[in-house]
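Thanks for asking me to look this one over. My notes follow as numbered points, and it may help to keep the viewer open while you read.

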Amino acid sequence: MKFRAKIVDGACLNHFTRISNMIAKLAKTCTLRISPDKLNFILCDKLANGGVSMWCELEQENFFNEFQMEGVSAENNEIYLELTSENLSRALKTAQNARALKIKLTNKHFPCLTVSVELLSMSSSSRIVTHDIPIKVIPRKLWKDLQEPVVPDPDVSIYLPVLKTMKSVVEKMKNISNHLLGFIHLKVGTKYPGDFSHFSFNPIVLTIRGQFSQVIEANLDGELNLKIETELVCVTTHFKDLGNPPLASESTHEDRNVEHMAEVHIDIRKLLQFLAGQQVNPTKALCNIVNNKMVHFDLLHEDVSLQYFIPALS
Amino acid sequence: MKCLVTGGNVKVLGKAVHSLSRIGDELYLEPLEDGLSLRTVNSSRSAYACFLFAPLFFQQYQAATPGQDLLRCKILMKSFLSVFRSLAMLEKTVEKCCISLNGRSSRLVVQLHCKFGVRKTHNLSFQDCESLQAVFDPASCPHMLRAPARVLGEAVLPFSPALAEVTLGIGRGRRVILRSYHEEEADSTAKAMVTEMCLGEEDFQQLQAQEGVAITFCLKEFRGLLSFAESANLNLSIHFDAPGRPAIFTIKDSLLDGHFVLATLSDTDSHSQDLGSPERHQPVPQLQAHSTPHPDDFANDDIDSYMIAMETTIGNEGSRVLPSISLSPGPQPPKSPGPHSEEEDEAEPSTVPGTPPPKKGPSPVLAEDSEGEG
């Protein structure tokens, strides 16, 4: 297994840094898949991630001017590595004013991805910063869980509004739902009923319903609604005139009412985490909803594609 | 004691207090004939810091009222720092700062004369104390390097602010290397990212150390002095010896000088931390020069290592390891004050060459406030 790559172009370096910052916000640990033409950042829908999955893909030749890799074997010419995303983004942060950035797979005391940055310096000598990011090589038998997720036929497909706006709306909704608890049940017990001279407290029991439930619904008429519902109050934000991309399977939806909403209840924190990762407004942003099953976000940041799946709350 | 600080020096004083607050919780204030000294030591006595402000730093400086003994006091760092908490405020609104200590009153009075006739008076309670003295002598350290603080500031930039310790050493080709230090974890699955910064000899005004020497010290404590030195645009000198012996960081200009003495990890300490895999552990932090500044040639990069195909496990201890410089504690070269005599700082008048014990030793690093000694 071998991997060496080099970036010398400043714009490519900045773009790659932005992508890694985004990944760091979306997933604490992720899988990096290296193949001859592409790099993928993958998060598979394990229970530990709360069922969220992510697939980010970039064409290596858009970034690296040198790229060499040799996979596990000739038939399986790929490398799957697990790493802490924040390490990569921190390492790339030091490359802001770099002359060149090299990444390679090494084994110094432990397997790592070594990011080596040659900095521009005032003096004649070069300054070199090296980061050894610890990695875990993922064995071939686990690769099947890390393939590109199949995108199910959506009930509605719609273009998203400006993500920054969406994020601030969702943030406010999360704050509201934090404070407006649907239902609170307090129980304070006494050891000896009627005798308050010796009393002990039973643990206080709080029952909160639907605190983190966010509804996303959209229709084929360019309308998207974000809703939170509690027993006391319901807040909805309506986005109109968003536009819908042409659906792949037109035939099945021909007779459907264009204004009919497809909806899904998801965890608001996961939605917020996804939106927080989008520092820059993407080139293209699409949202696919499978009624009561999941929401699939399909974004394009210049030439890097990002797909993010949030399942419905069970 | 009475001293008056005016203009831009108020902010300098404030910055020094901020710097000291990174080290210890108590500030020892001692007016000397040479100037006002502010000192502190950390709770484990593994770090000592001192700033000495010359009489010329002040618009007025009176170490003691005539006929009286020099007073010394110990104040809570938090209290003193609160006066200088906001450096921006100091710069914008404070015109004069007057510090006075009167034997009769039991308060250290710090008065800030601000714009628009506003006067803020802080009455800080203090404790009498003996002089806090550290035993160290930069001249007795065989190795030293000196660079503008800005260079060292740039050198520590790649390291996470949370990083506790760093290893400084000289690698191949007289390159100066800074590398993050992490204690060996028993649980080897949670590995930390290792960062290394490599600078050329040309970045340093003076470099007097052989290839292979290295010390490990607390980065957080060093950052305290570094930020002060950067803001004052001074050069910073590092005098060091074998691992385990304290490292001395100094800055100096015509109006003030500063010393930070930090304990360094000794070889025995690193060994005792290593409980797991003796064959993997290096006797001292291993440094690699990634540097030979040959023309950028990716294909011929000689610092290279290939992963051997691994299907199932990651047990690669036996595979190829990068060429490296192993540092041996070895016999130290004879201590020669020699060429760096011009760098000799005469610190406090009471400096005595001594041998503070290693960082994690049970005994305190520095001389205690001695009982019954004037």
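1. Let me begin with a cysteine in chain A of this predicted model. Cys30(A) sits in strand 2 of chain A, which covers residues 29-34. Is Cys30(A) buried or exposed? With a relative accessibility of 1%, Cys30(A) counts as buried, since the cut-off for that label is under 20%.

2. What does Cys30(A) touch, once residues up to four places away in sequence are set aside? The partners are Ile23(A), Phe41(A), Ile42(A), Leu81(A), Glu82(A), Leu83(A) and Ser85(A). For a sense of distance, try Asp9(A): 21 residues separate Asp9(A) from Cys30(A) in sequence, and their C-alpha atoms are 26 Å apart in space.

3. Two of those partners lead on to a pair of helices. Ile23(A) belongs to helix 1 of chain A and Ser85(A) to helix 2 of chain A, and both are listed in the contact between these helices. Helix 1 spans residues 10-26 and helix 2 spans residues 85-93; their axes are 8 Å apart and the packing angle is about 150 degrees. Because angles over 145 degrees count as roughly antiparallel, helix 1 of chain A and helix 2 of chain A are roughly antiparallel to each other. Their crossing is left-handed. From helix 1 of chain A the contact also takes in Phe16(A), Thr17(A), Ser20(A), Asn21(A) and Ala24(A), while helix 2 of chain A adds Glu86(A), Leu88(A), Ser89(A), Leu92(A) and Lys93(A).

4. Still in chain A, please look at Ser116(A), a residue of strand 8 (residues 110-119). Its relative accessible area is 16%, so Ser116(A) is buried. Beyond its neighbours within four places in sequence, Ser116(A) is in contact with Ala100(A), Leu101(A) and Lys102(A), and also with Ile128(A), Val129(A) and Thr130(A).

5. Here is chain A as a whole. It has five helices and 18 strands, and 52% of its 314 residues count as buried. Of the contacts in chain A between residues at least 6 apart in sequence, 63% join residues at least 24 apart. The accessible surface of chain A is about 14,800 Å², with 51% belonging to carbon and sulfur atoms.

6. Now the totals for chain B. Its secondary structure consists of six helices and 19 strands. Chain B has 374 residues, of which 53% are buried. Among its contacts with a separation of 6 or more, 67% are between residues 24 or more positions apart. Chain B exposes about 16,600 Å², and carbon and sulfur atoms supply 51% of that area.

7. For a strand residue in chain B, I would pick Gln111(B), found in strand 8 (residues 107-114). Apart from neighbours within four places in sequence, Gln111(B) is in contact with Lys96(B), Cys97(B), Cys98(B), Arg119(B), Lys120(B) and Thr121(B). Cys97(B) is 14 residues from Gln111(B) along the chain, yet their C-alpha atoms are separated by 5.6 Å.

8. Helix 5 of chain B deserves a slower look. How does its length compare with what its 13 residues should span? At 1.5 Å a residue, residues 219-231 should span 18 Å, and the end C-alpha atoms are 18 Å apart, which agrees. Buried residues in helix 5 of chain B include Leu219(B), Phe222(B), Leu225(B), Leu226(B) and Phe228(B). Just after this helix, Asn233(B) takes a positive phi of about 55 degrees.

9. One partner of helix 5 of chain B is helix 1 of chain B (residues 9-21): the axes come within 8 Å and cross at roughly 165 degrees. These two helices of chain B, helix 1 and helix 5, are therefore roughly antiparallel to each other. The contact is made by Val12(B), Lys15(B), Ala16(B) and Ser19(B) of helix 1 and by Gly224(B), Leu225(B), Ser227(B), Phe228(B) and Ser231(B) of helix 5. The crossing is right-handed. As a reminder, an α-helix has 3.6 residues a turn, so residues three or four places apart point the same way.

10. Helix 4 of chain B (residues 149-156) also approaches helix 5 of chain B, with axes that come within 9 Å and cross at roughly 140 degrees. That makes helix 4 of chain B oblique to helix 5 of chain B. This crossing is left-handed. Ala149(B), Arg150(B), Leu152(B), Gly153(B) and Val156(B) of helix 4 meet Leu219(B), Phe222(B), Arg223(B), Leu226(B), Ala229(B) and Glu230(B) of helix 5.

How values were computed
Residues are numbered from 1 along each chain as its sequence is written. Chains are lettered from A and ligands numbered from 1 in the order in which they are written. This is a predicted model: local features need pLDDT of at least 70, side-chain atom pairs count only at pLDDT 80 or more; totals for chains, interfaces and linings use all residues. Side-chain values use heavy atoms; hydrogens and water are left out. Helices (H or I, at least four residues) and strands (E, at least two) are DSSP runs, numbered from the N terminus. Buried means under 20% relative accessible area, exposed over 50%, partly exposed in between (1.4 Å probe, protein chains only). Contact means heavy atoms within 4.5 Å. Accessible areas come from the Shrake-Rupley method with a 1.4 Å probe; for residues, only the protein chains shown count as cover. The expected span of a helix is 1.5 Å times one less than its number of residues. Axes are lines fitted to C-alpha atoms, for helices over the stretch in contact, and angles run from 0 to 180 degrees between N-to-C directions. Angles under 35 degrees count as roughly parallel, over 145 as roughly antiparallel, 65 to 115 as roughly perpendicular and the rest as oblique. A crossing is left-handed if the near helix is turned anticlockwise from the far one by less than a right angle, and right-handed if clockwise.
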